Amino acid sequence: MTARHMNPYLAGVLLGLVLLSAIFISGRGLGASGALKSAAVATMETALPAHAAQAPFYKEYTTEHAGNPLKQWLVFEVLGVLIGGFLSGVVSGRLTWVTEKGPQITSRTRLAFALVGGGLFGIGAQFARGCTSGAALSGMAVLSTAGFVTMLAIFGTGYATSFFFRKLWI
Amino acid sequence: MAPLVPDLLSNELNILSGLLVGIAFGYVLEQAGFSSSRRLAGLFYGRDFTVLRVFFTAAITALSGVLLLGWAGLLDLDAIFVNPLFMGPAILGGVVMGFGFILGGYCPGTSICAAAIGKKDAIVFVIGGFLGVLLYGEAYPSFSGFVNGSALGPVKVYDSLGVSRGAFVLFLIVAALAAFAATTWIERKLNPEATSRSFPVLQHRLAAAGLLALAAVLFFLPDRKTSLLAQVADPVYQRAHPARYMTADELAFRVLDTDPRLLVLDLRDEQAQKTLALPGAVSVPLDGLFAKEWQGALGRRHTTRVFVDEDGSRSLQGALLAERLGYDNVRVLQGGLAEFRRTILEYEPTGPATTAAQGDSDRFRSEARVLMTKRIADAKGLSSRPRKVVKKIQGGCS
């Protein structure tokens, strides 16, 4: 039995309190893409240590972050998201093994676009120094201009282009 | 005062707190329905505005909490991470992510949450994100100038717009409420199965009214620093909270005695301190009392903290402010340094002493005049400043 979703405003208040507790405890907001970056850096340092030692992207990361790239607040926070999401799926009976897609496309198409979309998010989050969580949501909570600019750019682009990609979803 | 990092929590405990925060984050995201790409993408087709509702409610909740905690003095708003602004990269990155959202149906946080309950498209999205970072890393040298140029610092949005903080927050909350109402109307028109059809109308109207009340409170909520500074400068407050004073004689005696339990805090500007600085005095601006780097020096235990300035007016404010900030054993130099000059440094006996007490006083002041002048010359007019030991808080996703 799949439970209904939580009232969105209640969920918003709870999410806001989670974000507030992160700011209160650690002085920083939530994030997600930073953990992908940590994973990328750790992978490169293991697979091609010579390249990681000389490429500016990895060198800058090492100077800005002390210690193991996987022993970071964001990495553990994202592990927490995996655990919390799974727990919620168990509690509400939503564990599944499907490809979610619009009615007009095949699963293969959906997965291809998911890969491309993920890639674009990975790239865009590097430019904007954060994604929807780390730049937009957390940035808005501390009233940073960067947060509002990134939020408007993400959702504005989504709306401006949604017509052209409607077959993917409806 | 929060944040608990870096002074109250070690790095290990902080990372552990990240795990706990993440579990709550993932749980709420999944409960809100963010583990469904069609629901997330539905935001852009007028069919399902769940994302907008959750996102803006969360932002306003956290924002209000930050402002209220800051006002109550429980959270140091100068210490928390504020995303630095790089205008070009922020816009370009946002546009690229916007394409990622409409094509991929997730953002990184929601994709991880959806992957956790077994959505295969979400797992692929996460892999795509990982590959995207690697791709960016390889291409990074060719545009690192663009990404790192034009650093504008941690700019606040209300400063960028040239409005007051309260006005901006009020505007944001009213705009969010208008968006909630409008999108619910659209959703009910376009989607016969919209979740908003089953919303309890009365409760939501009451919540909206409550939110408007909160907006009004936040509109008038003063900045804690500004309000405390105004309070201690207010003559009514000063009359109601009499400060304790230290005479020039006692200060002179304790300085000459190199009393380790004496801390002299000089509130004058640097120019004035060049002409006269008491040996061992610490130079601190009035609003510096809020800053973290002074807490160590100010908070020394079993210490008498004496505030000095030229005429005793600013030092009275400093003393009252220090007491409001929780420091004890606070004194004001009576009559300021003007009085100190007159009675010690430029002391001239007015005539033969008529009482024994005055004789003692005259002798002390004559001696203190010589010794103090020498001590001040030895100290070469330097007043010390505490070393900056503020550790930077990391944040954001970079």
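## Exercises on a predicted model

B:Asp378 is found in helix 17 (residues 356–378) of chain B. The model is predicted, and the exercises below rest on its coordinates.

**Exercise 1.** Classify B:Asp378 as buried, partly exposed or exposed, and state how far its C-alpha atom lies from that of B:Ala58.

*Solution.* Step 1: the relative accessibility of B:Asp378 is 46%. Step 2: the buried class ends at 20% and the exposed class begins over 50%, so B:Asp378 counts as partly exposed. Step 3: B:Asp378 and B:Ala58 are 320 residues apart along the chain, and 59 Å separates their C-alpha atoms.

**Exercise 2.** Locate B:Gln273, decide whether B:Gln273 is buried or exposed, and find which backbone oxygen lies 3.5 Å from a polar atom of its side chain.

*Solution.* Step 1: helix 13 of chain B, residues 270–275, contains B:Gln273. Step 2: its relative accessibility is 4%, so B:Gln273 counts as buried. Step 3: the backbone oxygen in question belongs to B:Asp266.

**Exercise 3.** Compare the expected span of helix 8 (residues 145–162) of chain A with the distance between its end C-alpha atoms, then determine how many of its residues are buried.

*Solution.* Step 1: helix 8 of chain A has 18 residues, and at 1.5 Å a residue the expected span is 26 Å. Step 2: the end C-alpha atoms are 25 Å apart, which agrees. Step 3: 14 of the 18 residues are buried, so helix 8 of chain A is largely enclosed by the rest of the structure.

**Exercise 4.** Give the strand order of the open sheet of 5 strands in chain B and identify which strands stand at its edges.

*Solution.* Step 1: the order is 1-5-4-2-3, with parallel pairing. Step 2: strand 1 (245–246) and strand 3 (282–283) of chain B each have a single partner strand, so they stand at the edges with one side lacking a neighbour in the sheet. Step 3: strand 1 runs parallel to strand 5 (residues 330–333) of chain B, and 2 bridges join them. Step 4: B:Tyr245 stands opposite B:Val332 of strand 5 of chain B.

**Exercise 5.** Describe the volume of the second largest pocket and its lining.

*Solution.* Step 1: the second largest pocket holds about 670 Å³ of space. Step 2: its lining has 23 residues, and those closest to the centre are A:Tyr9, B:Leu177, B:His204, B:Arg205 and B:Ala208. Step 3: two or more lining residues come from each of helix 1 (8–26) of chain A and helix 3 (50–71), helix 8 (165–190) and helix 9 (201–220) of chain B. Step 4: helix 9 of chain B gives the most, with 8 residues. Step 5: the lining divides into 14 nonpolar, 7 polar and 2 charged residues.

Technical notes: Residues numbered from 1 in each chain as written. Chains lettered and ligands numbered in written order. Predicted model: local features only at pLDDT ≥ 70, side-chain atom pairs only at ≥ 80, totals over all residues. Heavy atoms only, no water. 1 Å grid on protein atoms, 1.4 Å probe; cavity = no way out; pocket = protein on both sides within 12 Å on 5 of 7 lines; lining within 4 Å. Points joined across faces, edges and corners; volume = space filled by probe spheres on them. Helix = DSSP H or I, 4+ residues; strand = E, 2+ residues; numbered from the N terminus. Nonpolar A, V, L, I, M, F, W, Y, C, P; charged D, E, K, R; others polar. Buried < 20%, exposed > 50% of the residue type's maximum accessible area, 1.4 Å probe, protein only. Polar contact = N/O pair within 3.5 Å; in protein donor to acceptor, adjacent residues only side chain to side chain. Pairing = 2+ DSSP bridges. Expected span 1.5 Å × (residues − 1).
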